[in-house]
Amino acid sequence: MTLFEPGVGRVDIESGQLQGATNRYVKTFRDLEGLYEDEAALAAVIAEKGDAVAYEVTDYKPSANAGDIIIGVTRMEPGRIGREYYLTRGHIHARPNRPEMYYGESGVGVMLLESPDGQVRTIEMRARTMCYVPPFWIHRSVNVGSEPLVMTFAYPADSGQDYEIIAKAGGMRSRIIDDGNGGWKAVDNASYRQRPQSLVDSIMALTD
Ligand code: ZN
């Protein structure tokens, strides 16, 4: 067995980055097509700032080995597309029985979780809130505040990400919108299609 060196990173709240990261990727507003109910509002945002960064991930990835861990930081801009808040694409882990941990650094967000059979949970994230994303839950983060949302995360290195599970269902079951009263609320996504039980069963059987 090869020994790895210990790693260190510093969470920079201002930039929303992990200093010392080995990996970085960004999603622009143009990358978020198809995620929002108000397509005209999204088109207007893309016309105005399509290539601007909507959210960014910097992480420290020692390896992809089973039993190893990936740690990192995500930063998301505040704002809305129509009545919906800015959000990440969301995913289930390609090995769906892998969990994840999120820890709020700054800003106010919502972790939107959905089980393959369509149960929905929401966890409000603030600085020093820790969220356990259990195995088998689809997860997406939403910035419901007026400042950048910065969170630290950690997940098993062999988890992988599957984004198609959301697209194939017409999106996640719930949308997080402005409640018109200074807060947020979850409402039904009219485009959502319940997964067939056979598909749910096949996902829940993936336990390696
Ligand atoms: Zn994840």
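# Reading the terms in this model

Q: What makes Arg128 an exposed residue?
A: Its relative accessible area is 65%. Exposed means over 50%, buried under 20%, and partly exposed in between (1.4 Å probe, protein chains only). At 65%, Arg128 is therefore exposed. The model is predicted: local features need pLDDT of at least 70, side-chain atom pairs count only at pLDDT 80 or more, and totals for chains, interfaces and linings use all residues. Residues are numbered from 1 along each chain as its sequence is written, and side-chain values use heavy atoms, without hydrogens and water.

Q: What is notable about the phi of Arg128, and where does the residue lie?
A: Phi is positive, about 75 degrees, although Arg128 is not a glycine. Most residues other than glycine have a negative phi. Arg128 is in the loop between β10 (120-125) and β11 (130-133). Strands are DSSP runs of E, at least two residues; helices are runs of H or I, at least four; both are numbered from the N terminus.

Q: Which value of relative accessibility settles the class of Phe136?
A: Phe136 has 14%, so it counts as buried. Its phi is also positive, near 75 degrees. The residue sits in the loop between β11 and β12.

Q: How do you know that Phe136 is a contact of Thr207?
A: Contact means heavy atoms within 4.5 Å. Thr207 touches Asn97 and Phe136, not counting residues up to four places away in sequence. Thr207 itself lies in the segment after α3 (197-204). Its C-alpha is 7.7 Å from that of Arg95, although the two residues are 112 apart in sequence.

Q: Why is Ala186 called partly exposed?
A: Its relative accessibility is 39%, so it falls between the limits for buried and exposed. Ala186 belongs to strand β15 (residues 184-188). Apart from residues up to four places away in sequence, it touches Ser174, Arg175 and Ile176.

Q: Is Arg175, a contact of Ala186, buried or exposed?
A: Buried, because its relative accessibility is 9%. Arg175 lies in strand β14. Beyond its neighbours within four places in sequence, its contacts include Leu35, Glu37, Glu84, Lys185 and Ala186. Pro196 is 21 residues away in sequence and 21 Å away in space, C-alpha to C-alpha.

Q: What makes His91, His93, Glu100 and His139 the donor residues of the zinc ion?
A: Donors are N, O and S atoms within 2.8 Å of the metal (3.2 Å for Na, K and Ca); water is not among the atoms, so sites may look incomplete. Here NE2 of His91, His93 and His139 and OE of Glu100 lie at 2.0 to 2.3 Å. These atoms therefore pass the cut-off. Their spacing in sequence is H-x1-H-x6-E-x38-H. His91 is in the loop between β7 (84-85) and β8, and His139 is in strand β12, so the pair ties together parts 48 residues apart in sequence. Both His91 and His139 are buried.

Q: Why is the zinc site called irregular?
A: Its 4 donor atoms make angles of 85 to 161 degrees. Four donors are tetrahedral if all angles lie between 85 and 135 degrees; four are square planar and six octahedral if opposite donors are over 155 degrees apart and all others between 65 and 115; anything else is irregular. The 161 degrees rules out tetrahedral, and the site counts as irregular.

Q: What makes a residue part of the lining of the largest pocket?
A: A lining residue has an atom within 4 Å of a pocket point. A pocket is an open set of points on a 1 Å grid, over the protein atoms alone, where a 1.4 Å probe fits, with protein on both sides within 12 Å along at least five of seven lines. For the largest pocket 25 residues line it, with Tyr25, Val57, His91, Gln161 and Tyr163 nearest its centre. Its volume, the space filled by probe spheres set on the points, is about 360 Å³. Among the strands that each supply at least two lining residues are β3 (23-28), β4 (53-60) and β12 (138-143).

Q: Which elements and residues line the second largest pocket?
A: The pocket has 21 lining residues, and Gly34, Leu35, Arg140, Ile166 and Gly171 lie nearest its centre. α2 (164-168) and β14 (174-178) give two or more residues each. α2 gives the most, with 3. The volume is about 290 Å³.
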